[in-house]
Amino acid sequence: MLPPLELVRRRLSELMENPEPVMRQLVRISIDGGTFCPGLQFLPGGQLQPTVFGLFRRAMELEIPHNYFTVWMVALSRELAGSRPVDHLKTNPVPLLRALETFRWR
């Protein structure tokens, strides 16, 4: 799911009085001139997925672009025994952080 940025803004405006702080924390990708927010960063109900939020914050520190981070989240990873980072969001985040660090150096 790749909802457009403006749709996400409208939805968050329905959930909270001031969505701007959350909007600044979102993973965004650009496709053909449009800006989209990968659905993997949201929990049911529209709240941010805490593990993705932490990983993305670290990705920004490592200067990993938004689009690359999103691809990393859904690609098979040797560091995660051939599974995808998105498949580990409900587990211990430490292996995900290690895998992200390794990705940064490729």
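The dialogue below is about reading salt bridges in a predicted model.

Biologist: Before we look at side chains, what kind of model is this, and how are residues numbered?

Modeller: The model is predicted, so local features need pLDDT of at least 70 and side-chain atom pairs count only at pLDDT 80 or more, while totals for chains, interfaces and linings use all residues. Residues are numbered from 1 along each chain as its sequence is written, and side-chain values use heavy atoms, with hydrogens and water left out.

Biologist: How many salt bridges does the rule give?

Modeller: Side chains of opposite charge can pair when their charged atoms come close. Here a salt bridge means a side-chain nitrogen of Lys or Arg within 4 Å of a carboxyl oxygen of Asp or Glu, and the count comes to six.

Biologist: Which parts does the pair of glutamate 20 and arginine 9 tie together?

Modeller: These two side chains meet at 2.7 Å, N to O. Glutamate 20 lies in helix α2 (residues 20-23) and arginine 9 in helix α1 (residues 5-15), so the bridge ties together parts 11 residues apart in sequence; helices here are DSSP runs (H or I, at least four residues) numbered from the N terminus.

Biologist: Is arginine 58 buried or exposed, and which side chain does it meet at 2.9 Å?

Modeller: Arginine 58 is partly exposed, at 25% relative accessible area, where buried means under 20%, exposed over 50% and partly exposed in between (1.4 Å probe, protein chains only). Its partner at 2.9 Å, N to O, is glutamate 61, which is exposed at 51%. Arginine 58 also forms a salt bridge with glutamate 101 at 2.7 Å, N to O.

Notes
Helices (H or I, at least four residues) and strands (E, at least two) are DSSP runs, numbered from the N terminus.
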